[in-house]
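Reader: I'm new to this structure and would love a close look at one part of it. Could you walk me through a sheet, and then what sits around it?

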Protein chains: 2
Amino acid sequence: MYPNLEAHIASFVKLQPAGLEILRASLKATDLRKKELLFREGEICRADYFVDKGCLRMFFIDDKGTERTTQFAIENWWMADYISLERQTASGFSLQAVEATRVLALERNACEKLLTAVPALERYFRIIRQRAYAASQVRMKYIYDFSGEEMYRHFSRSYPGFIQRVPQYMVASFLGMTPEYLSEIRKRTGR
Amino acid sequence: MYPNLEAHIASFVKLQPAGLEILRASLKATDLRKKELLFREGEICRADYFVDKGCLRMFFIDDKGTERTTQFAIENWWMADYISLERQTASGFSLQAVEATRVLALERNACEKLLTAVPALERYFRIIRQRAYAASQVRMKYIYDFSGEEMYRHFSRSYPGFIQRVPQYMVASFLGMTPEYLSEIRKRTGR
DNA sequence: CGGTCTCTTGACGGAGTTCAAAGCTAGTGG
DNA sequence: CCACTAGCTTTGAACTCCGTCAAGAGACCG
């Protein structure tokens with residue numbers, strides 16, 4: 001039914017057929033066109049989204065009206081504003097498809113019920129969240145440690161090909177710099 | 001036995017007496033003096049640490065030899081380098097007591113066994129990790145959005161009193177600036 | 001009290017931003 | 001399938017925030 005997600009879960013915990021059924025019933029598959037939004041700044045994040053195919057980004061608009069991309073999510077990543085999702089309060093972010101994207105949405109109430117019915121998934125999400133947090137610890141270190149140029153070099157080495165998938169101004173805002181400056185760096189470092 | 005941690009867990013999940021016993025047996029309480037290290041950059045993070053009393057910080061040394069503080073943890077927070085902990089590889093961080101601190105250490109193997117024996121704790125840690133991750137999403141937003149001066153104002157409003165607990169150069173490095181510049185900001189904004 | 005750690009001050013420099021304008025590219029409709 | 005347009009990228013000059021360096025003033029601990 002959802003081979004990518006099911007394989008992903010299976011690599012962490014073993015589900016009973018009954019559990020798998022409940023999981024499938026808890027999800028809603030949605031296809032998004034390029035630039036389509038799952039929710040907008042000020043709205044509530046209603047689900048945790050698994051990227052089945054494609055790419056999502058999280059961003060907000062700063063006081064000067066510029067978009068600032070804080071995260072990307074590609075295949076096999078979950079993405080949500082977890083504060084907005086937990087408390088059902090207005091989100092400070094927007095969630096958008098960077099390209100044509102298929103997501104599996106696990107809505108808040110469905111998630112609660114799912115975890116009660118299939119406790120083995122608590123373990124799956126515990127591990128997933130721990131890894132996401134670990135990744136953000138490392139990323140924080142890069143932000144503290146690297147200059148703009150080092151950030152770009154690190155990023156383009158770690159995710160070669162991803163650069164082609166995303167417009168450069170989004171990469172720039174993700175790296176915490178202006179598109180103009182990224183352009184200058186790319187000229188210096190030879191694309 | 002460990003009233004702070006046990007109350008903290010109880011606010012999320014209900015443990016059976018037997019589970020509580022196993023939990024207690026899995027922990028090691030350690031008292032640290034000011035500046036004492038739990039592990040050093042290049043060593044392995046062997047446990048997840050719960051701050052029972054006091055304050056920890058995570059930091060690394062940048063290429064110029066300057067300490068950069070990436071996180072603080074106070075009472076009722078867990079702290080670890082989760083990549084080093086999961087893979088048992090060398091950590092890119094050091095973990096240090098900012099003041100006299102009492103931690104409860106949950107070592108990696110003990111943690112594995114504990115979670116197998118008491119699956120209800122998977123839920124506790126899933127929620128805790130999700131909140132930690134949510135906090136890092138918000139923090140990331142501040143980092144993208146705020147100037148140095150705004151970061152300081154936000155920080156000193158959000159955690160009044162914490163400033164007094166921690167030397168200023170650690171606050172500066174946490175805010176991503178030099179002590180000299182923080183000093184200048186404090187002069188401008190009236191302490 | 002003496003020495004080390006911490007905080008402050010000020011002059012200077014550089015990484016990165018801002019603004020404006022021109023060149024490209026890709027998607028869209030005819 | 002081409003032409004047009006809107007959006008993306010590049011360039012360059014002026015500017016600014018913040019880091020660097022160096023030196024002095026406190027403050028804390030033995």
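Author: Here is a tour of a sheet in chain B, followed by some helices of chain A. Keep in mind that this is a predicted model. The sheet is an open one with four strands, and reading across it you meet β2, β7, β4 and β5 of chain B in that order, with antiparallel pairing. So which strands stand at the edges? They are β2 (37-39) and β5 (67-74) of chain B; each has a single partner strand, so one side of each has no neighbour in the sheet. Going from one strand to the next, the twist averages 25 degrees.

Let's start at the β2(B) edge. β2(B) runs antiparallel to β7 (residues 94-97) of chain B, and two bridges join them. If you want a pair to look for, B:F39 stands opposite B:L95 in β7(B).

Now over to the other edge, where chain A comes in. Helix α5 (residues 120-145) of chain A lies across β4 (55-61) and β5 of chain B, and it runs at about 145 degrees to β5(B).

Staying with chain A, have a look at two other helices. α6 (residues 148-158) and α9 (residues 179-188) of chain A pack at an angle of about 70 degrees, their axes 10 Å apart. That makes α6(A) and α9(A) roughly perpendicular to each other, and α6(A) passes α9(A) in a right-handed crossing. On the α6(A) side the contact is made by A:G148, A:E149 and A:Y152, while α9(A) brings A:L182, A:I185, A:R186 and A:R188. Sorted by character, the residues of this contact are three nonpolar, three charged and one polar.

Note on methods:
Residues numbered from 1 in each chain as written. Chains lettered and ligands numbered in written order. Predicted model: local features only at pLDDT ≥ 70, side-chain atom pairs only at ≥ 80, totals over all residues. Heavy atoms only, no water. Axes fitted to C-alpha atoms, helices over the stretch in contact; angles between N-to-C directions. Parallel < 35°, antiparallel > 145°, perpendicular 65-115°, else oblique. Left-handed = near helix turned anticlockwise from the far one by under 90°. Contact = heavy atoms within 4.5 Å. Nonpolar A, V, L, I, M, F, W, Y, C, P; charged D, E, K, R; others polar. Pairing = 2+ DSSP bridges.
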